[in-house]
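Reader: I'd like to go through this one together, feature by feature. Can we start with the rings?

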Amino acid sequence: MADEERSVLPTDKSISFGVKRIESMREMSFENPEGFWTGIAEELFWFEKKGRIFSKAEEPPYGSWFENWKTNLCYNAVDRWAHSPRRNKVAFFWEGEPGDRRVITYAELHSDVNRMASALSELGVRAGDRITLYMPMIPELIISMLATVRLGAIHSVVFGGFTSQSLSDRINDSGSKLLITADGGWRRGKIIELKKIADEALGNSSPVEKVIVVRRTGHGVTMDPHRDIWYHDTCSRQTKKTDIEAVPGPHPSYILYTSGTTGKPKGAVHSTGGYMLWSYYTFKSVFDISEEDVFWCTADIGWVTGHTYVVYGPLLNGATSLIYEGAPDFPEQDRWWSLVERYGVSILYTAPTAIRSFMKAGDSWPGKHDLSSLRLLGTVGEPINPEAWQWYYRTIGRGRCPVVDTWWQTETGGIMISAQPGNGETPLKPGSATVPLPGVDACVVDEKGVPVGAGEKGFLAIRRPWPGQFMTLWGDRERFESVYFSRFKGMYYAADYAMQDSDGYFWLLGRADEVLKIAGHRIGTIELEDTLIMHPAVAESAVIGRSDAIKGETAVAFVILKQGHAPTQELRKELSNHVRSHMGPIAVPSSLYFVDRLPKTRSGKIMRRVIRAVVEEKSIGDISTLEDSASVDEANRAYIELKEQIERAG
Ligand code: ATP
Ligand code: MG
C-alpha cells in the first residue's frame, strides 16, 4: 500500500510528549524490570510477597512470575471492591437478546460469586480441578468463572456456538469433572439448545461427574437426577462464606483453546499472578479507564478477548461494563448502536469483521442513534484495513474518538502492541497497531532470527518474557516448545508476518505461513487485501497464494462487493489495474473471484486454509492441519459453499 494513504492523523505537541513518555517507561521496564513490575504489582492485593517477581529459566518460556507471591484473582476482581466505596458501583449492565435487563453492583456480584463458590465446594471442587463452562453470554458465566478461580480451580470456557464434538474434545482434553451449562441461550430470536448439546457431548464416557444448569430460556430440558443440578437451587441454599484460596503466582487460572484458525485447537494455560497483572495493566494502559466510563467489549467470553476484557481486565480495575447476550443484527442492524445510546457506552472494543459487516449494512443504522457518549474505540482479532478504520473513526466515532488497534493473541494473555492513551497519547496511523506496551520487547526478524531494518518485512517475535505469557499447552509440553520457541533461539515466535516503520510503528501483514512468495517477493496477505478494499466497490476480500511453475506462487483473490456494485468483467479489470497502480505488476492476482460470503471461523476470522483447498482442487480432508472434527464439519460446509459460488461465477 502506498505510504501517503497511511498518513499519521493530525498530531500536536502533547501527543509527541505522550510518545516520549511511553518510550521512557519502556526503557525503565527493560533496565529495571523487577522495579517496574513491582510498582504495578503493588496496585493489586497479595496474601504473601516473598522474594523476586521474575525468575529466569533456561527452558521455554524462559521465566516465571511471582513464584513466591500468593494471591487470588477473584479476590482482586471482586472482594476488594465489595469492601470499598466502590461496593455500590455498577460492575455490569447486562442486556439479553429478547430485551431483558439486569444491573449488577460489585456488592451483588460478591454475594453471587460467594454462593456459587460455596456450591462448587459442596460438590467437592478443590484447587487444581478443571471445570468446563459451556454457556451463553449471561452473568452466571462470569459468576462461575470467578467462583472457580476463587477456589483455585481452573476454568475452561468453551464458546457456546460450538458443536457437541468440539465440546466433548475440550472436556476430555482438560479432564474436567464438572460442567456448567444452561438450558439454552438466545441467538437471532432462536434458542440454542445448550443443555441438549451438552448431553450429547457427555455421551457414555466422560470425566464429568456433575452438571450444573442455569435456567436461562426456561424451555423444557431433560435433567438426569443423578448428575444434573439446577444452578438456582444449589446457589439459593448456600449460606456459608467460602474460603478464598491463596495460590502462588504460577498456579493455573484457566485453560483456553485458541480459535483454531490454523488447525487443531491448542489449550493455552494461563497463570494467576502474571495473568492478573497483565489484565490489570493492559486494560488500564490502553483504555485509560475512569470512574465515569461505561466500557463495552463485544467479544464472546468464549474467546480470550472476552476473558481478559469482558471479565478480568474491567473487574480488576473496578470498572463498569456492558454485556450483551445476542446477535449484533437482531432484531435489526442497529441493535449495537441502540445499546451504546441506552447505556451511554464511552469505550467500545470490537473486531474488524464486525466493523466491516456494519459498514456493508450502511451508515443509516448508526445514523439513527446518539453516539455522543463514545470517547474511545478499539479493535482486535485481525488487522484492520485502513478503509474500515476510517469508517469506524468517522461514522461511529464521528471523528472525535481515537481508535486503538490492539495486537495480541490467546497465548499472550492480553494486549501487546497498541496505542495506549493510559500511558501517553499515541499518534495514530490507520492500519498500524502502533507501538508495544512498556515491558513488551517486540521485534521483526528474518528467517534466521536476526532483526531486520525499518521498513523491511519479517516475522514478529518477542525477545523477553512478559508477565501475561501463557505457561504451556495443556498436556502438550512438546507442542508448546516446538510451535512457539524452537523457531528462533530464546524468543517467542508469534507466527505473524510484520513490518516496523521508521517511527517504530508495527504493521501486521498476515499470518507468517500464509505469506505469498511471488517471483522472489514476499507479500503479506493483508497488504493485498487492504489494497483491494481501498477500491470503492469492495467490501471485503481474502487473498491466498497458488503455486505457479514460473513465479513460484501467484495471488488468487476473493472479493465481496458493496451493495449497488455488479460483478462485471470491467470491474475485474479495474481491480487488477487498481492493484497494479498501488503495488506494482507482481501483486496483480492471477484469478479474481466475486463471492457473496467467505469461509470464517466462529470468531469471525477468514479460514484461508479452506479457500486454499478449493483453489488447489484438493479435498478438504487433504489439509493435514484440520484435526478438530467440528471444524471439519464447518470447514466442509464452507468449502462446498465457496466451490458453488465459484462455479456459479464461471
Ligand atoms: P489459532 O492459533 O488456533 O490458529 P488464532 O490465532 O486465530 O487461532 P487468536 O489467539 O484468537 O487465535 O488470534 C490471534 C491472532 O489474531 C494473531 O496471531 C493475529 O494473526 C491476529 N490478530 C489479532 N489482533 C490483531 C491486530 N490488531 N492486528 C493484526 N492481527 C491481529
Ligand atoms: Mg494463533
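Reader: Which residues form one aromatic cluster here?

Author: This is a predicted model, and in it Tyr62, Trp466, Phe470, Phe480, Tyr484, Phe485 and Tyr492 make up one aromatic cluster.

Reader: How do I read a single pair of rings?

Author: A pair of aromatic rings is described by the distance of the centres and the angle of the planes. Take Phe470 and Tyr484: their ring centres are 4.9 Å apart and the planes stand at 80°, so this pair is edge-to-face. Phe470 comes from the loop between β23 (457-462) and β24 (472-473), while Tyr484 belongs to helix α15 (residues 477-484), so the pair links distant parts of the chain, 14 residues apart.

Reader: Are Phe470 and Tyr484 buried or exposed?

Author: Buried, both Phe470 and Tyr484.

Reader: How many aromatic pairs does the structure hold?

Author: There are 46 aromatic pairs. One of them is Trp46 with Phe66, and that pair is stacked, with 4.4 Å centre to centre and 25° between the planes.

Reader: Which parts does the pair of Trp46 and Phe66 tie together?

Author: Trp46 sits in the loop between α2 (33-41) and β1 (48-49), and Phe66 in the loop between β3 (63-65) and β4 (69-71), so the pair ties together parts 20 residues apart in sequence. Trp46 and Phe66 are buried.

Reader: Rings can also have a charge over them. Where does the charged end of Arg86 sit?

Author: Over the ring of Trp81, 4.6 Å from the ring centre. Then look at Arg487: its charged end sits over the ring of Phe459, at 4.7 Å from the centre.

Reader: Let's leave the rings. Where is the place of Ile518?

Author: Ile518 is in strand β27 (residues 516-518). With a relative accessible area of 1%, Ile518 falls under the 20% cut-off, so the residue counts as buried.

Reader: Which residues does Ile518 touch, not counting those up to four places away in sequence?

Author: On that count, Ile518 touches Ile523, Lys551, Glu553, Thr554, Ala555 and Ile586. You can also check Ile518 against Ile550: they are 32 residues apart along the chain, and their C-alpha atoms are separated by 9.4 Å.

Reader: And zooming out, what does the domain assignment give?

Author: The assignment gives domain 1 (3-440) and domain 2 (519-648). Taken over C-alpha atoms, the centres of domain 1 and domain 2 are separated by 32 Å.

Technical notes. Residues numbered from 1 in each chain as written. Chains lettered and ligands numbered in written order. Predicted model: local features only at pLDDT ≥ 70, side-chain atom pairs only at ≥ 80, totals over all residues. Heavy atoms only, no water. Helix = DSSP H or I, 4+ residues; strand = E, 2+ residues; numbered from the N terminus. Buried < 20%, exposed > 50% of the residue type's maximum accessible area, 1.4 Å probe, protein only. Contact = heavy atoms within 4.5 Å. Phe/Tyr/Trp six-rings, centres within 6.5 Å; stacked < 30°, edge-to-face > 60°. Lys NZ or Arg CZ within 6 Å of the ring centre and 35° of its normal. Domains from an automatic or database assignment.
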